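Work through the exercises below with the sequence and the coordinates at hand. Each task is followed by a solution in steps.

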Amino acid sequence: MMIDCDRFFIAMDMNGDGLTTISDVWGWLQVAFFAPAKVVMLLIEGVRPLASFFEVNCVTGTGLGAAAFSLVAWLFVGAALSAIAEQKQ
């Protein structure tokens, strides 16, 4: 049983007000920031016992734990890219 969620919703008009404004930039940044946690949730959704155990639903991947996980993931990516850039020099 897959959960029918649109985990990676991104549009020019993120807040649905009919205009693309500076307010939509915050929505774009949120999608990018939470991407690591949402990818993990997408993988967990495919394994029914794990999804049931962790009570995965459509908002899973956007809370405080997801923010901490995503922050660590992005720091790891930044460190890896920095190490690669240093080797190229």
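**Exercise 1: Aromatic pairs**

Task: In this predicted model, find how many aromatic pairs a search of the whole structure gives, and classify each pair by its geometry.

Solution. The search of the whole structure returns 2 aromatic pairs. A pair of rings is described by the distance of the centres and the angle of the planes.

Step 1. For phenylalanine 33 and phenylalanine 34, the ring centres are 5.2 Å apart and the planes meet at 75 degrees, so this pair is edge-to-face. The cut-off used here is that planes over 60 degrees apart count as edge-to-face.

Step 2. For phenylalanine 53 and phenylalanine 54, the centres are 5.1 Å apart with the planes at 80 degrees, so this pair is edge-to-face.

Step 3. Add the accessibility. Phenylalanine 34 has a relative accessible area of 12% and is buried, while phenylalanine 33, at 28%, is partly exposed. Phenylalanine 53 is exposed, at 65% relative accessibility.

**Exercise 2: Helix packing**

Task: Determine at what angle helix 1 and helix 3 pack, and list the residues that make the contact.

Solution. Two packed helices are described by the angle between their axes and the distance between the axes.

Step 1. Helix 1 covers residues 22–45 and helix 3 covers residues 64–88; the angle between them is about 105 degrees and their axes are 8 Å apart.

Step 2. Angles of 65 to 115 degrees count as roughly perpendicular, and helix 1 and helix 3 are therefore roughly perpendicular to each other.

Step 3. Helix 1 contributes Ala32, Phe33, Phe34, Pro36, Ala37 and Val40 to the contact, and helix 3 contributes Ala66, Ala67, Phe69, Ser70, Leu71, Ala73 and Trp74. By type, the residues of this contact are 12 nonpolar, 1 polar and no charged.

Step 4. Take phenylalanine 69, which sits in helix 3, as an example. Apart from neighbours within four places in sequence, phenylalanine 69 touches Pro36, Ala37 and Val40. The C-alpha atoms of phenylalanine 69 and phenylalanine 34 are 8.6 Å apart, with their positions 35 residues apart along the chain. Phenylalanine 69 is partly exposed, at 42% relative accessibility.

**Exercise 3: The loop between helix 2 and helix 3**

Task: Describe the backbone of glutamate 55 and the contacts of threonine 62.

Solution.

Step 1. Glutamate 55 belongs to the loop between helix 2 (48–53) and helix 3. The phi of glutamate 55 is positive, about 50 degrees, although the residue is not a glycine. Glutamate 55 is exposed, with a relative accessible area of 64%.

Step 2. Threonine 62 lies in the loop between helix 2 and helix 3 and is partly exposed, at 39% relative accessibility. Leaving aside neighbours within four places in sequence, threonine 62 contacts Phe34 and Lys38. Threonine 62 and leucine 19 are 43 residues apart in sequence, with a C-alpha to C-alpha distance of 24 Å.

**Exercise 4: The whole chain**

Task: Decide whether the protein chain is a compact globule or more spread out.

Solution.

Step 1. The protein chain has 3 helices and 0 strands, in the order α-α-α.

Step 2. Its radius of gyration is 16 Å, well over the 12 Å given by the globule rule for 89 residues, so the protein chain is more spread out than a compact globule.

Step 3. Along the principal axes, the C-alpha atoms fill a box of roughly 50 × 40 × 20 Å. Of the 89 residues, 20% count as buried.

Conventions. Residues are numbered from 1 along each chain as its sequence is written. This is a predicted model: local features need pLDDT of at least 70, side-chain atom pairs count only at pLDDT 80 or more; totals for chains, interfaces and linings use all residues. Side-chain values use heavy atoms; hydrogens and water are left out. Axes are lines fitted to C-alpha atoms, for helices over the stretch in contact, and angles run from 0 to 180 degrees between N-to-C directions. Helices (H or I, at least four residues) and strands (E, at least two) are DSSP runs, numbered from the N terminus. Angles under 35 degrees count as roughly parallel, over 145 as roughly antiparallel, 65 to 115 as roughly perpendicular and the rest as oblique. Contact means heavy atoms within 4.5 Å. Ala, Val, Leu, Ile, Met, Phe, Trp, Tyr, Cys and Pro count as nonpolar, Asp, Glu, Lys and Arg as charged, and the others, Gly among them, as polar. Rings of Phe, Tyr and Trp (its six-membered ring) pair if their centres lie within 6.5 Å; planes under 30 degrees apart count as stacked, over 60 as edge-to-face and the rest as tilted. Buried means under 20% relative accessible area, exposed over 50%, partly exposed in between (1.4 Å probe, protein chains only). The radius of gyration is taken over C-alpha atoms; the globule rule is 2.2 Å times the number of residues to the power 0.38.
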